[in-house]
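Reader: Could you walk me through how to read the features of this structure, one at a time?
Author: Gladly, let's look together.

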Amino acid sequence: MSLEAVLVVAAALFGIGVYGALSQQSFVMLMMGLEMMINASILALGAFWSLTAGGNPQGQMLAIVFMTVMAAEMALGFAKTHKRAGKALMEHQLVQLKINEMHALTEALRSYVMRVAWLHDRGQHSANAGLVMNYSTDVIQRVTRLNMEIHGAEGCAMHARVDKLVRDAMVWTHLAGDTVQRIKILKRLVKGSAAAAGANAD
Amino acid sequence: VSDSLLVDAMFWLFAAGSVVTGYRVFRTDSMVRAAFFLLASFAAVGGILVLLGAEFLGMVLILMMAGEMLIMAIVMVMYMMNPAGLNPMWMVHQHRVAVAVGVASFLVLGSLAFLIDFPERPNPRPEEATAELGVELLGDSMLVFQSAGVALLSAMIGAVVLTSRRGRYGDAEEGSEEPLLQGAEEGTV
């Protein structure tokens with residue numbers, strides 16, 4: 001067991017740790033990479049203490065300080081933080097764009113619903129009433145998914161309410177937005193335009 | 001001679017074990033298994049430390065990591081998706097860069113082990129290492145030891161503060177915000 005051999009093992013562990021800390025998206029996995037790096041340093045320190053330092057106890061002392069760092073890092077790593085890459089979640093441009101899209105979709109749906117209500121008040125009935133149901137299904141599914149993507153930035157620990165909203169939105173595929181109803185509406189639209197074309201021909 | 005052969009064999013066994021399980025941490029489909037692989041890697045490193053004569057350090061490392069990784073495994077089962085590893089898990093970014101940097105750091109650090117001429121002064125009395133460490137901890141390095149203890153305590157307090165539902169500036173569920181500095185206007189940091 002030569003010094004070089006132990007140091008090469010420590011270097012290999014450190015390399016794996018660097019890879020993990022740089023590549024992992026989940027915060028907990030990233031932390032595992034950091035711990036592996038600290039662990040490799042402890043191993044290298046142990047080797048230096050045992051094989052080059054002539055048994056000076058301060059080498060072991062330093063390793064204990066490293067272990068403290070590891071424990072402190074672990075404790076704080078487990079604690080949930082509200083910052084991503086040094087910025088609050090809201091300040092990330094991708095998150096802003098997603099919230100922007102959620103807002104635009106919701107407002108567009110609101111306008112459509114108001115227009116259908118307005119048509120109904122005026123006694124004008126059209127395929128719009130069915131289409132707005134289909135469209136609202138699309139919008140809530142898209143918006144709840146965007147919401148999940150934003151919350152996904154917390155790693156894979158997810159707030160239970162977030163994916164409940166997505167599942168609730170999926171239900172509407174069958175209640176209001178399924179393909180059969182879309183085909184029915186399409187048929188009505190085609191029939192309407194055919195009737196209109198016939199009326200024009202007369 | 002047979003004694004040092006046995007030590008060498010055990011060292012290579014532990015070395016291979018720690019590197020292989022360390023690699024598996026990032027190649028398994030279940031986070032629970034990742035925690036156990038990391039525990040195995042730590043235990044193998046603890047074994048190498050014991051072989052090097054640092055019995056106390058090695059055993060403390062194993063004990064500490066066993067406790068920590070078991071807690072981690074429980075957290076993984078409770079809060080993380082897919083604890084059984086039934087679906088593939090591949091959550092990486094900048095993968096090529098990460099592989100390149102990892103390999104590069106291994107090559108650089110590994111070559112340093114051969115390029116630098118370290119003094120050869122092996123520990124003369126490894127059997128008294130624990131006693132020497134104790135004297136060091138409660139003698140010359142008392143201040144360092146106590147500082148480490150205070151750092152750990154503050155880390156624990158910090159963790160509790162960060163995880164508590166009620167944050168420093170109100171209910172965390174409400175999205176509490178830090179109050180503005182005195183005299184600062186709305187919209188400034």
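Author: Helices (H or I, at least four residues) and strands (E, at least two) are DSSP runs, numbered from the N terminus. In chain B there are six helices and two strands, and along the sequence they follow the pattern α-α-α-α-α-α-β-β. Before we go on, this is a predicted model, where local features need pLDDT of at least 70 and side-chain atom pairs count only at pLDDT 80 or more, while totals for chains, interfaces and linings use all residues. Residues are numbered from 1 along each chain as its sequence is written, chains are lettered from A and ligands numbered from 1 in the order in which they are written, and side-chain values use heavy atoms, with hydrogens and water left out.

Reader: And which pattern do the elements of chain A run in?
Author: From the N terminus on, chain A runs α-α-α-β-β-α-α-α-α, with seven helices and two strands.

Reader: How should I read burial, and what percentage of each chain is buried?
Author: Buried means under 20% relative accessible area, exposed over 50%, and partly exposed in between (1.4 Å probe, protein chains only). Of the 202 residues of chain A, 42% are buried; for the 189 residues of chain B, the figure is 30%.

Reader: What do contacts say about each chain?
Author: A contact means heavy atoms within 4.5 Å. Take contacts between residues at least 6 apart in sequence: in chain A, 62% of them join residues at least 24 apart. For chain B the corresponding share is 54%.

Reader: How many residues of each chain are in contact across the interface?
Author: In chain A, 65 residues are in contact with 79 residues of chain B. Buried area is the accessible area (1.4 Å probe) that two parts lose on being put together, summed over both. Here the two chains bury about 6,300 Å² between them, 78% of it on carbon and sulfur atoms. On the chain A side, Met1(A), Tyr19(A) and Met32(A) lose the most area to chain B, together 11% of what that side buries.

Reader: Which elements of chain A give two or more residues to the side that touches chain B?
Author: They are α1 (3-23), α2 (27-51) and α3 (58-78) of chain A. α1(A) gives the most, with 18 residues.

Reader: How many salt bridges are there between the chains?
Author: A salt bridge is a side-chain nitrogen of Lys or Arg within 4 Å of a carboxyl oxygen of Asp or Glu. Between chain A and chain B the count is zero.
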